[in-house]
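Hi,

Here's the structure I said I'd pass along. Have a look at it first, and then my notes below should be easy to follow.

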Amino acid sequence: MKNKKPLYYIGYMVSLILVIIMIFTDLPFEIDLALGIAFSAIFATSYVQLLHLKMLQKDKEYKANVLDERNILIKEKAGNIANMIMLALLWIVTVLFIALDYIIPAIVIGVLLFIQPIILIFITNSLEKKM
């Protein structure tokens, strides 16, 4: 496993820079809101990943549970089922947008739904080559 700790520490620095920008600049509310959401996402991801790496190194029971083949298969199957459900819900939302005459959002979601299987194929082929 490669050492990804510096990447996550960079996430802490980026989130700190975002907070400093929000505090010391007079940006519109919408931009501050977007910066706040970006800060939250980057900080949370960095924290959780660093905690996960720390627990993998120090807690043998946690490491066994995370790397257990059965748990990995359950996560993969749950992810696939959640993906199918999300696709169905997005199709329903697309049809609802069309029915409500929100054409631009319907087109955007429709294009994303059309591209998703193509992305899945590319990722699957890439993973097959690596294994």
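Let me start with one residue: Asp101 has a relative accessibility of 63%, so it counts as exposed, the cut-off for that being over 50%. Before you read too much into any single residue, bear in mind that this is a predicted model.

Asp101 sits in the loop between H4 and helix H5 (103-130). Its backbone caught my eye too: phi is near 65°, a positive value in a residue other than glycine. That positive phi comes just after H4.

Now for the helices on either side of that loop. H4 covers residues 69-99, and its length checks out: 31 residues at 1.5 Å a residue should span 45 Å, and the end C-alpha atoms are indeed 45 Å apart. H4 packs against H5 at an angle of about 150°, and the two axes are 8 Å apart. Since anything over 145 degrees counts as roughly antiparallel, that label applies to H4 and H5. As for handedness, the crossing of H4 past H5 is left-handed.

There's another helix pair towards the N terminus. Helix H1 (residues 5-24) packs with helix H2 (residues 29-58) at about 155°, with 8 Å between their axes. That angle makes H1 roughly antiparallel to H2. H1 also goes past H2 in a left-handed crossing. What is the contact of H1 with H2 made of, by class? It has 16 nonpolar residues, along with 6 polar and 2 charged ones.

Stepping back to the whole chain, you'll find 5 helices and 0 strands. Read from the N terminus, the elements go α-α-α-α-α. The radius of gyration is 20 Å, whereas the globule rule gives 14 Å for 131 residues; the value is well over the rule, so the chain is more spread out than a compact globule. If you're setting up a box, the C-alpha trace spans about 55 × 50 × 25 Å along its principal axes. And how much of the chain is buried? Buried residues come to 14% of the 131.

That's what I have so far. Shout if anything looks odd when you open it up.

Cheers

Methods: Residues are numbered from 1 along each chain as its sequence is written. This is a predicted model: local features need pLDDT of at least 70, side-chain atom pairs count only at pLDDT 80 or more; totals for chains, interfaces and linings use all residues. Side-chain values use heavy atoms; hydrogens and water are left out. Helices (H or I, at least four residues) and strands (E, at least two) are DSSP runs, numbered from the N terminus. The expected span of a helix is 1.5 Å times one less than its number of residues. Axes are lines fitted to C-alpha atoms, for helices over the stretch in contact, and angles run from 0 to 180 degrees between N-to-C directions. Angles under 35 degrees count as roughly parallel, over 145 as roughly antiparallel, 65 to 115 as roughly perpendicular and the rest as oblique. A crossing is left-handed if the near helix is turned anticlockwise from the far one by less than a right angle, and right-handed if clockwise. Ala, Val, Leu, Ile, Met, Phe, Trp, Tyr, Cys and Pro count as nonpolar, Asp, Glu, Lys and Arg as charged, and the others, Gly among them, as polar. The radius of gyration is taken over C-alpha atoms; the globule rule is 2.2 Å times the number of residues to the power 0.38. Buried means under 20% relative accessible area, exposed over 50%, partly exposed in between (1.4 Å probe, protein chains only).
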